[in-house]
Amino acid sequence: MNRRRASELAQQFIFVGPAAVFFAVIVAVPFLLGLYYSFTSWNGIAKHADWAGIRNYVHIFTKDPSFLNAFWFTFRFTVLGLILTNLLGFVLAYVLTRKLFTRNVMRTVFFMPHVIGGLLLGFIWQFIFVRGFASIGQATGWSFFNLPWLGTESTSFWSIVIVFVWQNAGYLMVIYISALNNVPKGLTEAARVDGAGRWQVLRHVLIPMVMPAVTVCLFLSISWSFKLFDLNLSLTKGGPFKATESVALNIYNEAYTLSRYGMGSAKAIIFFIVVALISVLQVWATKRKEVEV
Amino acid sequence: MVVVEIVIVLLGLLFLVPFYFLLVNSVKEYGSILTDSANWPAAFHWSNYREAWKATEFPKAFLNSLIVTVVSNLLLSLICAMAAYKMVRRPTRFNKLLYLAFVAAMVIPFQAIMIPLVKVLSGLSLMDSTLGLIIAYLGFGAPITVFLFHGFVKSVPVDIEEAGKVDGSSPYGIFFRIVLPLMQPIIVTVIILNTLWIWNDYLMPYLILQSPNLATIPIATYAFFGQYTKQWDLALPALTLGIAPVVIFFLVMQKYIIEGVSTGSVKG
């Protein structure tokens with residue numbers, strides 16, 4: 001009996017131990033520490049962090065327009081990012097599940113931007129917005145290309161949206177393709193026999209059947225756009241005049257540019273709460289729309 | 001049908017335009033990049049690549065990225081497969097609670113832990129080391145990885161393991177000889193998802209690594225840009241080199257990557 005218990009304990013230790021320890025050291029402990037720092041005025045260097053109570057939080061909500069601006073930017077960006085990536089992703093999937101000659105090549109093309117990291121993409125697109133668009137504008141005379149793409153508040157917002165959609169629509173396309181392929185053929189054929197047109201089949205059969213994929217894709221696109229950082233950093237650095245500073249970039253600047261770790265931690269905790277709330281709400285809301293088969 | 005085909009091909013070409021700009025200008029002289037960036041190069045300046053290769057110390061950055069990505073992936077898959085297996089097969093109160101903690105942690109954004117993480121790592125003398133970075137990936141990648149494995153193990157029938165037990169296999173033998181091989185499809189998926197993330201990650205290596213010698217591709221690229229702002233005749237070939245490994249990897253492995261992404265999403 002004792003030997004069995006010892007063996008079970010050893011097994012628990014060997015199987016679960018490593019993952020649990022790394023998780024504790026890298027995620028759980030820092031998270032709790034961050035919670036503690038958020039109530040201090042730590043500057044990242046001092047050995048002792050002075051207790052500040054809820055001062056940081058009060059400051060953020062009353063005297064820090066940059067953080068609220070970053071939230072407003074992130075919110076607008078998320079709404080557009082999620083609508084456009086999902087729309088394009090779904091349309092591409094809908095077209096590329098038909099018997100097209102170039103089907104597989106096109107799937108590869110649309111997915112490819114996603115495998116490149118946001119940081120490098122941002123730099124590549126910086127060149128295109130600054131030089132590439134200008135030369136297309138010169139050649140065609142279209143004013144669209146002659147806009148100062150990274151120079152004004154609204155155009156730089158759209159620049160990030162464009163790159164984000166280009167980068168991520170293909171990933172959602174892949175998920176929608178597998179969902180569309182899983183819809184039983186009998187179901188669509190039955191609808192056809194009953195006289196439903198292409199549009200009606202899409203509206204009343206395909207879309208309800210792929211709702212689980214919609215849940216996943218909304219979740220992914222919201223979390224990508226809400227945590228926007230790399231692309232933001234390399235494409236606009238949050239400029240011009242902080243107009244495109246995302247929440248993640250704002251927290252980073254607070255901690256590492258201004259060396260206010262306590263304040264940065266408080267912002268990070270607020271960010272965490274908002275991300276957690278949105279994720280839970282969104283999954284709960286779309287789960288209800290899924291149909292059981 | 002033909003119209004749909006033409007429209008989708010045109011859209012595909014539009015998607016490729018950024019790569020056209022990147023490649024074509026990466027072999028031009030500085031002057032002609034500025035004057036006509038849309039045109040086909042009049043002359044090919046391959047020396048741009050030679051200089052960018054040297055300036056970014058490309059082989060070193062590539063090797064650093066490769067080591068971090070491969071080692072993190074192998075260890076992450078192994079320890080998370082083991083943990084998820086035990087959590088499913090022995091759902092003690094502790095294991096259930098731990099699993100709950102992993103699932104809850106999936107919503108934690110990296111920014112919420114980055115500030116204290118650096119302190120914890122320096123306390124453990126793991127700053128500015130490849131090992132420290134790998135350990136950080138093991139911890140931060142564990143929640144989603146355990147979650148994906150957990151879902152898969154639940155669908156594996158216990159009967160096969162019972163047969164192993166009857167044949168006298170130890171619990172470790174059962175896991176490594178029977179369960180782990182069965183988990184192969186989900187392991188491929190997990191490795192693909194974690195590779196895309198780890199290879200391209202910027203912030204975590206930026207915070208943990210300081211020595212230029214340890215820099216991964218995103219870090220080396222960023223540092224390069226700080227130094228050579230707007231020097232596009234060097235920057236564009238450097239960017240091309242930077243994206244080449246992952247694009248080639250994708251083109252070679254695309255069948256698995258696309259399958260992996262769709263299975264990963266179903267489980268998530």
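Contact here means heavy atoms within 4.5 Å of each other. By that yardstick, 83 residues of chain B and 80 residues of chain A take part in the contact between the two chains. The model is a predicted one, so local features need pLDDT of at least 70 and side-chain atom pairs count only at pLDDT 80 or more, while totals for chains, interfaces and linings use all residues. Residues are numbered from 1 along each chain as its sequence is written, chains are lettered from A in the order in which they are written, and side-chain values use heavy atoms, with hydrogens and water left out.

Putting chain B and chain A together buries about 7,700 Å², counted as the accessible area (1.4 Å probe) that the two parts lose, summed over both. Carbon and sulfur atoms give 80% of that area. Polar links do turn up: twelve residue pairs between chain B and chain A are in polar contact, with both residues at pLDDT 80 or more. A polar contact is a pair of N or O atoms within 3.5 Å; within protein, one must be able to donate a hydrogen and the other to accept it, and residues adjacent in sequence count only if both atoms are side-chain atoms. On the side of chain B that touches chain A, helix α13 (residues 232-267) gives the most, with 15 residues; helices are DSSP runs of H or I with at least four residues, numbered from the N terminus. That side of chain B is made up of 65 nonpolar, 13 polar and five charged residues.

As for salt bridges (a side-chain nitrogen of Lys or Arg within 4 Å of a carboxyl oxygen of Asp or Glu), the structure has eight over all chains. One salt bridge crosses the interface of chain B and chain A, and it pairs A:Glu8 with B:Arg90 at 3.5 Å, N to O.

Inside chain A, A:Lys267 and A:Asp64 form a salt bridge with their closest N and O atoms 2.9 Å apart. A:Lys267 sits in helix α13 (residues 261-287) and A:Asp64 in the loop between α2 (55-63) and α3 (65-96), so the pair ties together parts of chain A that are 203 residues apart in sequence. A:Lys267 is buried (under 20% relative accessible area, 1.4 Å probe, protein chains only), at 1%, and A:Asp64 is buried too, at 9%. Both belong to a salt-bridge network that also links A:Glu254 and A:Arg260.

In chain B, B:Glu57 and B:Lys60 meet in a salt bridge at 2.9 Å, N to O. B:Glu57 is partly exposed (from 20% to 50%), at 42%, and B:Lys60 is also partly exposed, at 29%.

Key: Helix = DSSP H or I, 4+ residues; strand = E, 2+ residues; numbered from the N terminus. Nonpolar A, V, L, I, M, F, W, Y, C, P; charged D, E, K, R; others polar.
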